[in-house]
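Work through the exercises below with the sequence and the model open beside you. Try each task before reading its solution.

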Amino acid sequence: MARTDFDAIVVGAGFAGLYMLYQLRDRGFRVKVYEAGSDIGGTWFWNRYPGARCDVESLEYSYQFSEELQQDWDWSERYATQPEILKYVNHVADRFDLRRDIQFNTHIAAVVFDEASRSWAVRTAAGENVTARYCIMATGCLSSTNLPDIKGRDRFKGGTYHTGNWPKIEPDFTGKRVGVIGTGSSAIQAIPVIAEQAAHLYVFQRTPSYAVPAYNGPYDLDYVKKRKENYADFRNAAKQTRSGILRPVNERNAAESSKAEREETFESRWQEGGLTFLGAFNDLLVDKGANDTAAEFVRRKIRETVKNPDVAELLSPKTVVGCKRMCVDTNYYRTYNRPNVTLFDVSSLPIDEITKKGIRRGGTQIELDEIIFATGFDAMTGALMKIDIRGRAGRRLRDKWAEGPKTYLGLAISGFPNFFIINGPGSPSVLANMMPAIEHHVEWIANCIDDVRQKEGECIEAESAAEEDWVAHTNAVAARTLFPSCNSWYLGANIPGKPRVFMPYLGFSNYLEKCQQVVDAGYEGFSVSGP
């Protein structure tokens with residue numbers, strides 16, 4: 001077996017990359033992590049925009065591999081802010097001495113499999129070359145920012161920002177005329193905060209989003225105590241759900257419930273707040289009629305909150321609730337009652353161009369001092385496509401995925417031996433609680449690499465037939481739901497020219513079971529080759 005610089009190279013130092021480093025190093029592997037940013041944190045390093053916070057409860061959005069870590073760390077509120085999450089990540093890195101194996105400010109340009117040595121050759125953008133037996137991509141599902149191709153985008157003389165690549169030094173919007181393009185989850189968090197600072201805030205909306213109140217606030221100490229005393233039980237219970245989030249789905253169907261019963265259940269979930277609103281009934285994401293009852297409930301809440309009926313109508317989505325990312329908000333809809341906030345509908349009257357002084361729409365110029373692009377990401381595949389990844393016979397990943405991503409279990413790719421993706425397309429990823437999804441993938445990959453070593457193997461690779469079957473299965477599961485009915489980033493619809501393929505796998509608990517079955521069957525669907 002040819003000697004390599006490292007046993008494994010990991011790309012990315014967010015939650016996934018850090019835990020991958022911990023797991024492999026703990027098993028005696030030589031590991032190097034490369035990170036494009038100047039520090040750890042991944043999503044929470046780059047997304048520093050005003051109001052940024054997690055939409056999963058803090059006690060569930062955290063590592064569970066260390067009982068001591070779980071018990072020692074105290075979250076201050078129900079939905080942690082970006083600074084608090086970043087503080088947590090840094091605490092973990094320091095506690096387990098992870099930084100010594102991470103190289104920062106390093107972009108990976110190419111990752112090429114060498115068939116003669118059965119190893120991966122990795123080249124950085126600065127020209128550094130290293131080799132490793134395994135290559136693991138922890139590049140994140142939402143890390144490749146999307147900037148819309150608007151005429152004159154580079155002409156604007158004021159400040160421009162993207163919520164997914166926010167500067168470390170916080171911009172001061174006090175007294176400024178600010179434009180926000182986009183009304184997805186990041187915008188919904190940022191808009192209320194920026195509106196409090198700006199002289200005037202102009203929001204340019206193409207498609208409205210459904211948002212459920214967060215009801216955020218400090219944690220009740222008795223609640224935290226109960227959770228910590230039974231952390232293992234709570235964590236295991238969450239893994240048995242569709243989303244990896246503890247609050248279970250109501251097993252009753254909306255279609256079979258009376259109007260009064262639906263109203264009571266929707267109201268109860270609304271008052272509880274958070275993403276579990278979609279679990280109010282079992283059939284909301286499979287039955288259009290049932291979904292309509294939930295959608296109308298949210299639209300009525302919008303009309304009750306927003307004083308101007310015309311603005312309320314613009315803010316009321318007409319799409320299936322849940323087929324685009326559900327948002328969790330704090331005072332988002334109320335913000336449009338402020339006299340210094342104006343909403344523009346760019347679906348009926350698009351932006352003509354960005355000028356030196358602002359945004360022109362319908363022949364009228366809106367003069368601005370700052371423009372914020374809250375326009376999302378090239379989700380799930382964007383970060384991988386930016387790297388020149390080549391497998392057997394020099395085949396590029398970009399070419400293999402030209403008609404849409406194909407993986408086995410969202411973990412591995414046929415023709416790319418010893419190559420793994422954490423939370424790749426074909427896994428629950430963005431439709432599950434990311435923390436247990438990350439931990440599951442990391443532990444599965446680490447166990448797999450360890451098993452191959454124990455068998456004195458050199459390569460493990462997904463078989464083509466298994467990959468095709470998994471893609472077909474993923475699509476079949478999605479087709480039984482309402483998810484494919486929207487032009488969402490789950491389908492890549494926000495990126496011009498990107499193939500329309502539903503990328504996540506639906507059902508966290510079922511997915512965990514399938515992955516375990518693969519292992520129990522001797523890594524069914526994989527081929528392992530020896531020296």
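**Exercise 1: Two residues in one loop**

Asn423 is buried, since its relative accessible area is 4% (buried means under 20% relative accessible area, exposed over 50%, partly exposed in between, with a 1.4 Å probe and protein chains only). The model is a predicted one: local features need pLDDT of at least 70, side-chain atom pairs count only at pLDDT 80 or more, and totals for chains, interfaces and linings use all residues. Residues are numbered from 1 along each chain as its sequence is written, and side-chain values use heavy atoms, with hydrogens and water left out.

Task. Describe where Asn423 is placed and what sign its phi has.

Solution.
Step 1. Asn423 belongs to the loop between strand E19 (416-421) and helix H14. Helices (H or I, at least four residues) and strands (E, at least two) are DSSP runs, numbered from the N terminus.
Step 2. Most residues other than glycine have a negative phi.
Step 3. Asn423 is not a glycine, yet its phi is positive, at about 60 degrees.
Step 4. Ser429 is found in the loop between E19 and H14. Ser429 is not a glycine and has a positive phi of about 35 degrees. With a relative accessible area of 0%, Ser429 is buried.

**Exercise 2: The chain as a whole**

Task. Find how many helices and strands the chain has, and judge its overall size against the globule rule.

Solution.
Step 1. The chain contains 16 helices and 21 strands.
Step 2. Its radius of gyration is 23 Å, close to the 24 Å that the globule rule gives for 531 residues, so the chain is as compact as a globular protein of that length. The radius is taken over C-alpha atoms, and the rule is 2.2 Å times the number of residues to the power 0.38.
Step 3. The C-alpha trace spans about 70 × 55 × 45 Å along its principal axes.
Step 4. Of the 531 residues, 59% are buried.
Step 5. Among contacts with a separation of 6 or more, 72% are between residues 24 or more positions apart (contact means heavy atoms within 4.5 Å).

**Exercise 3: A pair of helices**

Task. Describe how helix H1 (residues 15-26) packs against helix H14 (residues 434-454).

Solution.
Step 1. Two packed helices are described by the angle between their axes and the distance between the axes.
Step 2. The axes of H1 and H14 come within 9 Å and cross at roughly 35 degrees. Axes are lines fitted to C-alpha atoms, for helices over the stretch in contact, and angles run from 0 to 180 degrees between N-to-C directions.
Step 3. On the H1 side, the contact residues include Phe15, Tyr19 and Leu24; on the H14 side, they include Ile438, Val442 and Ile449.
Step 4. By class, the residues of this contact are 11 nonpolar, one polar and two charged. Here Ala, Val, Leu, Ile, Met, Phe, Trp, Tyr, Cys and Pro count as nonpolar, Asp, Glu, Lys and Arg as charged, and the others, Gly among them, as polar.

**Exercise 4: An antiparallel sheet**

Task. Which strands stand at the edges of the open sheet E13-E14-E15?

Solution.
Step 1. The sheet has three strands, and the pairing is antiparallel. Two strands pair if DSSP finds at least two bridges between them.
Step 2. E13 and strand E15 (364-367) each have a single partner strand, so one side of each is left without a neighbour in the sheet.
Step 3. Neighbouring strands are turned by 25 degrees against each other on average, direction ignored.
Step 4. Strand E13 (residues 351-354) is joined to strand E14 (residues 358-361) by three bridges. A hairpin of three residues links E13 to E14. Glu353 stands opposite Arg360 in E14.

**Exercise 5: A parallel sheet**

Task. Give the strand order of the open sheet of five strands and the helix H5 that packs on it.

Solution.
Step 1. The order is E7-E16-E8-E9-E12, with parallel pairing.
Step 2. The edge strands are E7 (159-162) and E12 (341-345), each pairing on one side only.
Step 3. From one strand to the next, the twist averages 15 degrees.
Step 4. Helix H5 (residues 185-197) packs on the sheet and touches E8, E9, E12 and E16; its direction makes about 160 degrees with that of E9.
Step 5. E9 (residues 200-205) and E12 pair over five bridges, and Gln205 stands opposite Asp345 in E12.
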